[in-house]
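Here is a short exchange on how the terms used for a model are earned. Each reply sets a value beside its cut-off where one is needed.

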Amino acid sequence: MKRFFRKGSAEMVSIILGIVVIGGLALAVTGSFSKQGKKSFDSGLTQTTTQLGNNYNEAATMRTPTDPKLGVTQSNESNE
């Protein structure tokens with residue numbers, strides 16, 4: 001170990017710079033994955049919400065006048 005430090009601090013500086021560069025690259029890659037993950041999550045959530053709305057509307061229109069009432073009002077204004 002003494003032999004390494006006897007040459008001077010140039011080796012230490014190059015090692016520290018290498019660690020900083022590798023850390024910066026790791027942060028950049030992690031940030032990119034995080035951004036892509038958020039985009040994917042938001043897109044999937046939007047698609048799921050749209051599909052759920054479509055399924056609800058389709059089920060609501062399939063009811064016939066002879067079906068029993070569900071007992072759920074659409075708004076508070078109809079009760080007043």
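Q: What is the accessible surface of the chain, and what share of that surface belongs to carbon and sulfur atoms?
A: In this predicted model, the accessible surface of the chain comes to about 7700 Å², and 64% of that area belongs to carbon and sulfur atoms.

Q: How many of the chain's residues count as buried, in percent?
A: Of the 80 residues, 0% count as buried, a label that requires under 20% relative accessible area. The secondary structure of this chain comes to 2 helices and 0 strands.

Q: Why is I15 called partly exposed?
A: I15 has a relative accessible area of 41%, and the partly exposed class runs between the 20% and 50% cut-offs, so I15 is partly exposed. I15 is found in helix α2, which covers residues 10–61, and belongs to a nonpolar surface patch with M12, I16, I19 and V20, whose accessible area together is about 450 Å².

Q: What makes the contact of D42 and K38 a salt bridge?
A: The side chains meet at 2.9 Å, N to O, and the cut-off is within 4 Å, so the pair D42 and K38 counts as a salt bridge. By this rule the count comes to 1 salt bridge. Both residues lie in helix α2, 4 residues apart, about one turn of the helix.

Q: Why is K38 called exposed, and D42 partly exposed?
A: K38 has a relative accessible area of 54% and exposed means over 50%, so K38 is exposed; D42, at 32%, falls between the 20% and 50% cut-offs and therefore counts as partly exposed.

Terms used:
Residues numbered from 1 in each chain as written. Predicted model: local features only at pLDDT ≥ 70, side-chain atom pairs only at ≥ 80, totals over all residues. Heavy atoms only, no water. Buried < 20%, exposed > 50% of the residue type's maximum accessible area, 1.4 Å probe, protein only. Areas by Shrake-Rupley, 256 points an atom, 1.4 Å probe, with all protein chains shown as cover. Patch = residues over 30% accessible without salt bridge, like charges linked within 9 Å, V, L, I, M, F, W, Y side chains within 5 Å.
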